[in-house]
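This report describes the fold of one protein chain and then turns to selected residues. Please keep the sequence and the structure in view while reading.

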Amino acid sequence: MNGKFISIEGIEGAGKSTQLAFIAEYLRQRGVDLVVTREPGGTEVSEKIRTLLLTPSDEPIVDDAELLLMFAARVQHIQHKILPALARGQWVLSDRFVDATYAYQGGGRGIDSNRIQQLADWSLQGISTDITFLFDLPVETGQQRVKTRGNAKDRIEQEKHSFFDKVRQHYLQLAEAEPNRIKIIDAALTIEAIQAQLSTQLDQLLDTAKA
């Protein structure tokens, strides 16, 4: 079975953690040797950058600095975890990848997508996900779910409603541009309905891996 690279995306409160666990279990039950990871993060150095990015600070992080830190963490992640796993024939399941940068730093922060593309072309070395599941739901719903968690919000979660509106719309634009790779999942549905959609998509991916 050939290795595949899967990512999951979505705004805060979209239920990614729940569905990440479902996807991982679904694949492992079908004999997939799977590496589960996340962005920013996934390696020792990348996790340190994650802490820097998400911890609230009295000194605001400049948008360009945020963008560069995201890619710095990503390069470590690709070189030390993703590429080695794929080379071994393993599958990789990542909570976020480069689409998140286009959505959050591009859509949310307003950084020109051409600048992001230049960094992506330089640092990703052509690597792309085989499939990306975009868990989409209204921002209001997502924000309400975040509140019910009862946890302190990280630096990104503290952004305003308008920020996440821009992020969501940018995600949808990405999906419209690449419908074969990015599959929109209605995250406002029941967990059972969401997992039924995922199962269909995962079965198709498993079939292509065996070809």
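Helices (H or I, at least four residues) and strands (E, at least two) are DSSP runs, numbered from the N terminus. The model is a predicted one, in which local features need pLDDT of at least 70 and side-chain atom pairs count only at pLDDT 80 or more, while totals for chains, interfaces and linings use all residues. Residues are numbered from 1 along each chain as its sequence is written, and side-chain values use heavy atoms, with hydrogens and water left out.

## The chain as a whole

The chain contains eight helices and five strands. Their order along the sequence is β-α-β-α-α-β-α-α-β-α-α-β-α. The radius of gyration of the chain is 17 Å, close to the 17 Å that the globule rule gives for 211 residues, so the chain is as compact as a globular protein of that length. Here the radius of gyration is taken over C-alpha atoms, and the globule rule is 2.2 Å times the number of residues to the power 0.38. The C-alpha trace spans about 50 × 40 × 30 Å along its principal axes.

A residue is called buried at under 20% relative accessible area, exposed at over 50%, and partly exposed in between (1.4 Å probe, protein chains only). Of the 211 residues of the chain, 51% count as buried. The chain exposes about 10,300 Å², and carbon and sulfur atoms supply 50% of this area. Accessible areas come from the Shrake-Rupley method with a 1.4 Å probe; for residues, only the protein chains shown count as cover.

Contact means heavy atoms within 4.5 Å. Among contacts between residues at least 6 apart in sequence, 81% join residues at least 24 apart.

## One helix with two sides

How are the buried residues of helix α2 arranged around its axis? Helix α2 covers residues 44–54, and its buried residues are S46, I49, R50, L53 and L54. They cover an arc of only 120° around the axis, which puts them on the same side of α2. The arc is that of the directions from the helix axis to the C-beta atoms. On the other side of α2, E44 and K48 are exposed. The cover over the buried residues of α2 includes β2 (34–38) and α3 (63–87). A general rule is useful here: an α-helix has 3.6 residues a turn, so residues three or four places apart point the same way.

## Selected residues in helices

The table lists four residues with their helix and accessibility.

| Residue | Helix | Relative accessible area | Class |
|---|---|---|---|
| Q19 | α1 (residues 16–28) | 3% | buried |
| R28 | α1 | 43% | partly exposed |
| I116 | α5 (residues 113–124) | 0% | buried |
| H170 | α7 (residues 161–177) | 19% | buried |

The contacts given next leave aside neighbours within four places in sequence. Q19 is in contact with F135, I191, I194, Q195 and L198, its neighbours within four places being left aside. R28, with the same kind of neighbours left aside, is in contact with L34 and V36.

I116 touches L67, F71, T101, Y102, Q105, G106 and I111, not counting residues up to four places away in sequence. H170 touches Y102, A103 and G107 under that condition. Y102 thus appears among the contacts of I116 and also among those of H170. By contrast, the C-alpha atoms of I116 and K183, 67 residues apart along the chain, are separated by 22 Å.

## Backbone features in loops

Most residues other than glycine have a negative phi, and most peptide bonds are trans. Where in this chain are the exceptions listed here?

A cis peptide bond, with omega about -15°, joins E39 and P40. P40 lies in the loop between β2 and α2.

R96 has a positive phi of about 85° although it is not a glycine. R96 is in the loop between β3 (91–95) and α4 (98–108), and R96 is buried, with a relative accessible area of 12%.

Q125 also has a positive phi, near 55°, in a residue other than glycine. The place of Q125 is in the loop between α5 and β4 (131–136). At 58% relative accessibility, Q125 counts as exposed.
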